[in-house]
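Work through the exercises below with the sequence and the coordinates at hand. Each task is followed by a solution that goes step by step.

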Amino acid sequence: MNIAIACAGQIMHLALVLAAAPVFTGVVEALTAWFGGRAVPSIMQPWRDVARLFAKSPVRPSSASVVSTVAPMLSVALAILCAALIPSFMLGMALAPLADPITIAALLIAVRIVPVLAAMDAGTAEGGIAAAESAQAAVFTETALLLALFVLSLSGGSLDRILVSGMEGALSTDPGFVLAIAALALVAGDTVVRPDMDTAYSARDLALSRIAGQVRMLVWCDLVGALALPFGIAPSDGGPLDWGIGIAVWGGRLGLAALPLVALRVFGGARPSPVLGRLALAFGAVSAGVGLL
Amino acid sequence: MTDPILPLLLGIVVALTALGAASGFVARGFRPAIGLAGTALAGLGAMLSLLALAMRADPAGLSLPLGLPGMALRLALDPLAALFLTVAFLAGTARIAFAAETAAVEAGTLALRLAGAMLTILAADGTALTLGLALTVGAGNGARSLGIAGLGALACFAALSLVGVSFDAVRGEADRSWAFWILALAGPGALAFGAARPVFVYGLLRFALDLGGPSPPVWGAMALLAAGSAGAVFGGWRAATGAETDLCLEGLTDRQSGLAAIGVGLALLGKASDLPGLTTLAVVAALFAALGQGLGGALGQIVAGAVHTNAGSRRLTSLGGLIHSMPWVATALAAVLLAGTVLPLGAGFTTFWLLLRSLAAAPRGIWLAGVATALALSAVLSGVALIRLFGVAFLGRPRGPRAAGAMDISKAARPGPWVLTGAIVAMGLLPGPVLMLADAAIGQLAGLPMGDRAGWFDPLPTLPLLFVGAVIGGAVVWAVRRRGGPAHRVVPPWNEGFAPSPPWLPFGEPLTQSAGGFFPALVWTRPRWRIPRVAGLPMLLAAVAVLLAALAVTR
């Protein structure tokens, strides 16, 4: 029975995440436009863009290789795999035993590497410059990501156990964990605000890249939101009422997570400030020092 | 049962040495025969070592009536030696077979180096160890800097102080920390300067964990952790900023050396703190780093040689687009990167995961934060190296005529790289069976084998993760195919509105592709001092002569 509930919860979680990802992106873009004094697009605009792109005729540079063919689908698959491992509204999902923090960090790094390689595949100037920028920024942000998730893993094993510790108040009272979550939030800000490297894509490849970006944004907000505000998540043995509360709280957490993202976009411009990555690394290193004391 | 294997392995060492020495004198027409014979010998050695490893037999010893008066050469085959012999023979077989087909490197030189490595690994006393190290370092005419040659000589001289001392006698002593420090003093220096290679990592494991005694000093563990952290970061940095393919790949190998040293340091900390669980986990991490380094390093050298020979340059700024013309080499490079970086489901990730788990199990101390930061930073630098090496050299457009006309390796040269590629992929996907194979060696070093914990899904649930990933990936591909849509049209690369390159720049304007400035060195890099490339045999003879002279003086 427990296995059936875990599987049902996992499928429901994935369905919710996949449905919410474009809507969440739409909300963030609408709020950014509203705060920026521009015409506010519909929150369903990302859906419409993806549908429109799928119908278009794709072109590919002659210098592109198999990497350009595989990368868009691989990006989506990796982003969905990350999403499947990070809980949204309930604990004890079927894939919870695989949700090791270090594994999630490595998957998030892979999610970042694949588009960078694809951007370099055609050998165009803009793709190469974007890839170089992303790789240089990654030295700070991804190091902070690894350190922060390592420190958080000290409180338990899998992400579920960390969240249970958080629900018991352990995360908010330990300065090491607080610093680690702050580092993660800064990394999330840098990663989500950074523009997608999709200049070499068109039509359905571009649509897949957009889907991957939308899922990635939701994954980051899910991860940081659940760690920063670890309450309202249905326990593994919870019933339908707990699930309903969990879904409502999850929606609220996402709404709260959208606000700093919008602020970063409105006040920080189209590209993230380099300060974010450096600050994240500093927080991550200090959190490791405090966590290992 | 290992008793008959040891003489056979010794025979292979002698035959490889003779083959390597003969290669300097025979006519060029005999070179393919030497390559073939070297491949056959190394392949036989790999099978024998694997047999010894799989049988988990008791250690066997052999005393040879050779050497200096009163100092017979002693050799031994124990689980640790069998594990490293398997890896070294596997890597050696692939490299010699590839060299025989492509002539990128002299097969005879490789045979000589392999023989030196074998002798070092089989050594059960200081004399055999010194001879093995001298053979390895002397035959290593691939050493490209004075630092590497000098540190190799330093290790030889460190081993020299053990001449005539049996390892069994060291094990029998109550206080044997002196034996640990002899190579531990040479090892960290070599690691920090990126000079270490699998044989030195083996020496570190043997001296620090097997011969170092049950209760090493804590400051020794801290020294190794500091040196390993520095080695891992410098190795990653070299890999991410190197101007040539072989330098980048060497940097990844050196990073693995640093990781192995961190693993050994944590294992020593576990022994010093009486935490057997930590010791076992850290030993497993160190062994994984060493195995990844052995296999990935050998494959990396094959890839670097193939690129240099077939694309005409080692410089990243002259390459580009090789994935179109050299798909087999590109696949081999992907395996190297899987072993040397932290991509999920790769052997490098397993090492990284095990090291972080060991760090979490270690007694708390703020200084461990430095180790954690170094581990994370080196992991990210290895990722940058992946992007830079693969992206600049293999993706994009060719940056010169030689790169545009590059040819893939021939069919006859492919088996070696493919065997190593398969081994690396298997290491990443099936860490459990690898641990089961290495369980006796783990027990020998840590005093506590993994036993039942080395199952199919331990220590990492890689296969379930692979299964879930494959299901999700399959669903994405199915959905995209089902959605269909028009087929791709192939068009010339667009330059964001800029005009196409003029006819006198057939490979495009060089500045429109990232290359040298992709991840520039942010610190001043010292000029590389190169030693002239000379034949291996004179170097070997010179090294042995120096060692014997030093021995005469000290005795």
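A residue counts as buried under 20% relative accessible area, as exposed over 50%, and as partly exposed in between. The model used throughout is a predicted one.

**Exercise 1.** Locate S155(A), decide whether S155(A) is buried, partly exposed or exposed, and list its contacts beyond four places in sequence.

*Solution.* Start with the position: S155(A) belongs to the loop that runs between helix 5 (125-153) and helix 6 (159-167) of chain A. Next take the accessibility: the relative accessible area of S155(A) is 22%, so this serine is partly exposed. Then turn to the contacts, where, once neighbours within four places in sequence are set aside, S155(A) touches I162(A), S165(A), L171(A) and F177(A). Finally, examine one of these partners, L171(A), which is 16 residues from S155(A) in sequence, while the two C-alpha atoms are 8.3 Å apart in space.

**Exercise 2.** Establish how many disulfides the structure holds, and explain why C221(A) is too far from the closest cysteine sulfur for a bond.

*Solution.* The count over all chains is zero. For C221(A), the closest cysteine sulfur is that of C82(A), and because the separation is 14 Å, the pair is too far apart for a bond; the cut-off for a disulfide is 2.5 Å between the sulfur atoms. As for accessibility, C221(A) has a value of 8% and is therefore buried, whereas C7(A), at 34%, is partly exposed.

**Exercise 3.** Identify which residues make the nonpolar surface patch of about 460 Å², and characterise W367(B) within it.

*Solution.* The patch draws on both chains, with L293(A) from chain A and V218(B), M222(B), I366(B) and W367(B) from chain B. In terms of secondary structure, W367(B) lies in helix 16 (residues 367-394) of chain B. Its relative accessibility is 32%, so W367(B) is classed as partly exposed.

**Exercise 4.** Assess the confidence of the prediction, for the model as a whole and along chain B.

*Solution.* Begin with the overall scores, which are ipTM 0.92 and pTM 0.88. For chain B the mean pLDDT is 78, with 75% of the residues at 70 or more. Among the elements of this chain, the lowest mean pLDDT, 51, is that of helix 8 (residues 177-192), and the highest, 92, is that of helix 14 (residues 327-340). Residues 141-146 of chain B have pLDDT below 50, and this stretch makes 20 contacts in the model beyond near neighbours in sequence. Over residues 521-538 of chain B the pLDDT likewise stays under 50, and the model has 26 contacts for them beyond four places in sequence.

Terms used. Residues numbered from 1 in each chain as written. Chains lettered and ligands numbered in written order. Predicted model: local features only at pLDDT ≥ 70, side-chain atom pairs only at ≥ 80, totals over all residues. Heavy atoms only, no water. pLDDT = per-residue confidence, 0-100. Helix = DSSP H or I, 4+ residues; strand = E, 2+ residues; numbered from the N terminus. Contact = heavy atoms within 4.5 Å. Patch = residues over 30% accessible without salt bridge, like charges linked within 9 Å, V, L, I, M, F, W, Y side chains within 5 Å. Areas by Shrake-Rupley, 256 points an atom, 1.4 Å probe, with all protein chains shown as cover. Salt bridge = Lys/Arg side-chain N within 4 Å of Asp/Glu carboxyl O. Buried < 20%, exposed > 50% of the residue type's maximum accessible area, 1.4 Å probe, protein only.
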